[in-house]
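Hi,

Here is the structure I promised to pass on. Have a look at it first, and then read my notes underneath.

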Amino acid sequence: LVPRFEYGFDPEYARELVDYWKTKFNWKEQVNYLNKFPQFKIKINETVIHYVHVKTNPNKNLRTVPIMLVDGWPGSFFGFYKAIEYFNENFNDFSFDIVVPSIPGYMYSNPLNRPLDPMDASIIFDALARYLYGENSAYFVHGEDWGGLIATSLAQLYPNRVKGIHVTLAVPSDGIDLDTILYSTLGSVFPDYFFTKEEIEFNLTGRYSISSQMKVILKGAG
């Protein structure tokens with residue numbers, strides 16, 4: 001038998017999926033769940049973005065913690081629904097003021113007419129935070145995937161307003177320096193010069209090589 005997905009999409013599983021979408025999936029129920037939390041659109045710097053805005057424990061006079069949750073692609077605002085539900089169910093001593101924006105050009109944010117990078121997105125998201133929380137209000141940011149890049153830019157651009165960040169995609173703040181290039185290009189060729197005996201035994205040579213990194217990227221992309 002041909003292993004599933006080794007030579008293409010498994011036909012039996014494809015039939016299961018088609019049958020599920022045709023006969024079992026309840027789209028109306030899913031739409032209702034997508035609309036569970038309030039959603040809005042706003043135009044900032046000629047860019048229209050979509051966002052979810054939720055306040056936990058809204059009817060209680062509690063200390064408020066503003067927090068922005070930013071996902072990446074192919075993730076979306078929907079990926080934070082369970083987190084919002086968890087906040088609602090487990091934190092009763094204070095209120096979270098949660099905003100979940102869609103990255104410009106993605107999901108329900110409008111298509112773009114010019115290129116935007118993570119720094120551009122962070123400028124837009126900070127403007128959104130000032131609109132919702134007040135000009136001088138401070139807030140926390142969590143970023144997943146490419147949202148981690150935006151969260152990092154937010155903290156770097158607005159250290160007086162961003163009180164703290166948490167990211168699941170960490171990036172070096174100094175970019176690619178000479179040491180990184182040397183380790184990547186020459187470390188696997190002359191391991192004794194760049195690595196200790198113990199590091200070589202743990203195969204750090206292979207981990208730092210360009211070919212090893214490319215294999216990881218190509219495997220993930222496939």
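Below is what I found, going from the sheet to the helices on it and then to the aromatic residues.

One thing to keep in mind throughout: this is a predicted model.

Start with the sheet. It is open and has six strands, in the order S1-S2-S4-S3-S5-S6, with mixed pairing. The edges are S1 (39–44) and S6 (162–167), each of which pairs on one side only. From one strand to the next, the twist averages 25 degrees.

I spent some time on S5 (residues 139–143), which runs parallel to S3 (residues 63–70) and is joined to S3 by four bridges. If you want to find the register, isoleucine 67 stands opposite phenylalanine 140 in S5, and leucine 69 has histidine 142 as its bridge partner. S5 also pairs with S6, again in the parallel sense, over five bridges. There, valine 141 stands opposite isoleucine 165 in S6. S5 is mostly covered, with four of its five residues buried.

Two helices that pack on the sheet are worth a look. H5 (residues 146–157) touches S3, S5 and S6, and its direction makes about 155 degrees with that of S6. H4 (residues 118–133) touches S1, S2 (47–55), S3, S4 (94–101) and S5, and makes about 45 degrees with the direction of S2.

H4 got most of my attention. Its 16 residues reach 22 Å from the first C-alpha to the last, close to the 22 Å expected at 1.5 Å a residue. At the N-terminal end there is a cap from aspartate 117, which has a side-chain oxygen 3.1 Å from the backbone nitrogen of methionine 119. After the helix comes glycine 134, with a positive phi near 110 degrees. The buried residues of H4 include Ala121, Ile124, Phe125, Leu128 and Tyr133, and Asp126 is also among them. What do the buried residues of H4 pack against? The list is S1, S2, S3, S4, S5 and H5.

Serine 122, also in H4, is a nice one to zoom in on. Its relative accessibility is 0%, so serine 122 counts as buried. A polar atom of its side chain lies 2.6 Å from the backbone oxygen of methionine 119. Leaving aside neighbours within four places in sequence, serine 122 is in contact with Ile150, Ser153, Leu154, Leu157 and Tyr158.

Now the aromatics. The structure holds 19 aromatic pairs. Why is the pair of tyrosine 33 and phenylalanine 78 described as edge-to-face? The ring centres are 5.8 Å apart and the planes of tyrosine 33 and phenylalanine 78 are at 85 degrees, so the pair is edge-to-face, given that planes over 60 degrees apart count that way. The pair links distant parts of the chain: tyrosine 33 is in H2 (residues 27–34), while phenylalanine 78 is in the loop between S3 and H3 (81–90), 45 residues apart.

Are these two buried or exposed? Tyrosine 33 is partly exposed, at 24% relative accessible area, and phenylalanine 78 is also partly exposed, at 29%. Both belong to one aromatic cluster, together with Phe37, Phe77, Tyr81 and Tyr108.

Over to you!

Technical notes:
Residues are numbered from 1 along each chain as its sequence is written. This is a predicted model: local features need pLDDT of at least 70, side-chain atom pairs count only at pLDDT 80 or more; totals for chains, interfaces and linings use all residues. Side-chain values use heavy atoms; hydrogens and water are left out. Two strands pair if DSSP finds at least two bridges between them. Helices (H or I, at least four residues) and strands (E, at least two) are DSSP runs, numbered from the N terminus. Axes are lines fitted to C-alpha atoms, for helices over the stretch in contact, and angles run from 0 to 180 degrees between N-to-C directions. Contact means heavy atoms within 4.5 Å. Rings of Phe, Tyr and Trp (its six-membered ring) pair if their centres lie within 6.5 Å; planes under 30 degrees apart count as stacked, over 60 as edge-to-face and the rest as tilted. Buried means under 20% relative accessible area, exposed over 50%, partly exposed in between (1.4 Å probe, protein chains only). The expected span of a helix is 1.5 Å times one less than its number of residues. A polar contact is a pair of N or O atoms within 3.5 Å; within protein, one must be able to donate a hydrogen and the other to accept it, and residues adjacent in sequence count only if both atoms are side-chain atoms.
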